[in-house]
Amino acid sequence: MILKFKENETIKVNTPILNNDDHHDYQFIKWEIIQIDDHHYRYVSVIKITNYFYITWMNEDVVLQKEKYVENSLISYKLDTPYKNGGEDYYYEFIGWDKSIENYHINEDITLYAQYKKLNK
């Protein structure tokens with residue numbers, strides 16, 4: 001990339017190589033030139049960082065789903081209602097998750113466990 005910072009002066013700079021990981025995506029946006037004084041300039045890369053967090057939905061010791069969400073996204077469970085086997089004279093009714101997900105904006109990795117109420121038949 002060629003940057004022009006004075007009328008007839010240019011400098012060649014490489015676009016930064018950014019390594020994404022499981023929790024972050026880095027995207028180079030542009031170079032900015034900041035004048036420090038009459039003879040000195042600083043070249044600053046503008047980078048967009050997207051943070052991700054994971055939700056693991058559990059039914060006892062079984063992983064129902066692991067999802068990746070962008071930071072501050074509202075979460076929601078998208079699969080069928082979790083189910084737990086009962087016995088001859090009782091059954092289990094799903095009553096929600098061990099933490100409230102209503103209006104929950106994700107900002108950390110979390111694991112949520114299905115909760116049940118035991119009822120007589």
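## Why these labels? An all-strand chain questioned

Modeller: From the N terminus on, the elements run β-β-β-β-β-β-β. Keep in mind that this is a predicted model.

Colleague: How many helices and strands does the chain have?

Modeller: Zero helices and seven strands.

Colleague: What share of the chain is buried?

Modeller: Buried residues make up 22% of the 121 residues. The chain exposes about 9,000 Å², and carbon and sulfur atoms supply 45% of that area.

Colleague: How much of the contact set is long in sequence, at 24 or more positions apart?

Modeller: Such pairs account for 44% of the contacts with a separation of 6 or more.

Colleague: What makes up the largest nonpolar core?

Modeller: It has 12 residues: Phe53, Ile55, Trp57, Tyr69, Ile75, Tyr77, Trp97, Ile106, Ile110, Leu112, Ala114 and Tyr116. Strand E4 (41-59) and strand E7 (110-120) are the elements that give two or more residues to this core. E7 gives the most, with four.

Colleague: How do you know that Tyr116 counts as buried?

Modeller: Its relative accessible area is 16%. The cut-off for buried is under 20%. Tyr116 is therefore buried.

Colleague: And Trp97, buried or exposed?

Modeller: Buried, because its 13% is also under 20%.

Colleague: Which residues does Trp57 touch, leaving aside neighbours within four places in sequence?

Modeller: Among them are Val62, Leu64, Glu67, Ile75, Tyr77, Trp97, Ile101 and Leu112.

Colleague: Why is the pair Glu60 and Lys84 called a salt bridge?

Modeller: The two side chains meet at 3.0 Å, N to O. The limit is 4 Å between a Lys or Arg side-chain nitrogen and an Asp or Glu carboxyl oxygen. At 3.0 Å the pair is within that limit, so the label holds. Side chains of opposite charge can pair when their charged atoms come close.

Colleague: Where do the two partners lie?

Modeller: Glu60 is in the loop between E4 and strand E5 (62-70). Lys84 is in the loop between E5 and strand E6 (90-97). They are 24 residues apart, and the pair links distant parts of the chain.

Colleague: What makes Glu60 and Lys84 partly exposed?

Modeller: Glu60 has a relative accessible area of 45%. Lys84 has 22%. Partly exposed runs between the 20% and 50% cut-offs, so both residues qualify.

Colleague: What is unusual in the backbone at Glu60?

Modeller: Glu60 has a positive phi of about 60 degrees although it is not a glycine. Asn103 has one too, of about 55 degrees, and is not a glycine either. Asn103 sits in the loop between E6 and E7. It counts as exposed because its relative accessible area is 59% and the cut-off is over 50%.

Colleague: How many salt bridges does the structure hold?

Modeller: Two. Besides Glu60 with Lys84, there is Lys78 with Glu67, at 3.3 Å, N to O. That value is also within 4 Å, so this pair qualifies as well. Lys78 lies in the loop between E5 and E6 and Glu67 in strand E5, so the pair ties together parts 11 residues apart in sequence.

Colleague: Is Lys78 buried or exposed, and what of Glu67?

Modeller: Lys78 is exposed, because its 52% is over 50%. Glu67 is buried, because its 9% is under 20%.

Colleague: How many aromatic pairs does a search of the whole structure find?

Modeller: Seven. In one of them, Tyr92 and Tyr116, the ring centres are 6.4 Å apart and the planes are at 75 degrees.

Colleague: Why is that pair called edge-to-face?

Modeller: The centres must lie within 6.5 Å, and 6.4 Å passes. The planes must be over 60 degrees apart, and 75 passes, so the pair is edge-to-face. Tyr92 lies in strand E6 and Tyr116 in strand E7, so parts 24 residues apart in sequence are tied together.

Colleague: What makes Phe94 and Trp97 edge-to-face?

Modeller: Their centres are 5.3 Å apart and their planes at 70 degrees. That satisfies both cut-offs, within 6.5 Å and over 60 degrees, so the label follows.

Colleague: Which residues form the aromatic cluster?

Modeller: Trp57, Tyr77, Tyr90, Tyr92, Phe94, Trp97 and Tyr116.

Colleague: Which lysines have a charged end over a ring?

Modeller: Lys84 sits over the ring of Tyr92, 4.2 Å from its centre. Lys68 sits over the ring of Tyr52, 4.3 Å from its centre. Both distances are within the 6 Å cut-off.

Technical notes
Residues numbered from 1 in each chain as written. Predicted model: local features only at pLDDT ≥ 70, side-chain atom pairs only at ≥ 80, totals over all residues. Heavy atoms only, no water. Buried < 20%, exposed > 50% of the residue type's maximum accessible area, 1.4 Å probe, protein only. Contact = heavy atoms within 4.5 Å. Areas by Shrake-Rupley, 256 points an atom, 1.4 Å probe, with all protein chains shown as cover. Core = buried A, V, L, I, M, F, W, Y, C linked by side-chain atoms within 4.5 Å. Phe/Tyr/Trp six-rings, centres within 6.5 Å; stacked < 30°, edge-to-face > 60°. Lys NZ or Arg CZ within 6 Å of the ring centre and 35° of its normal.
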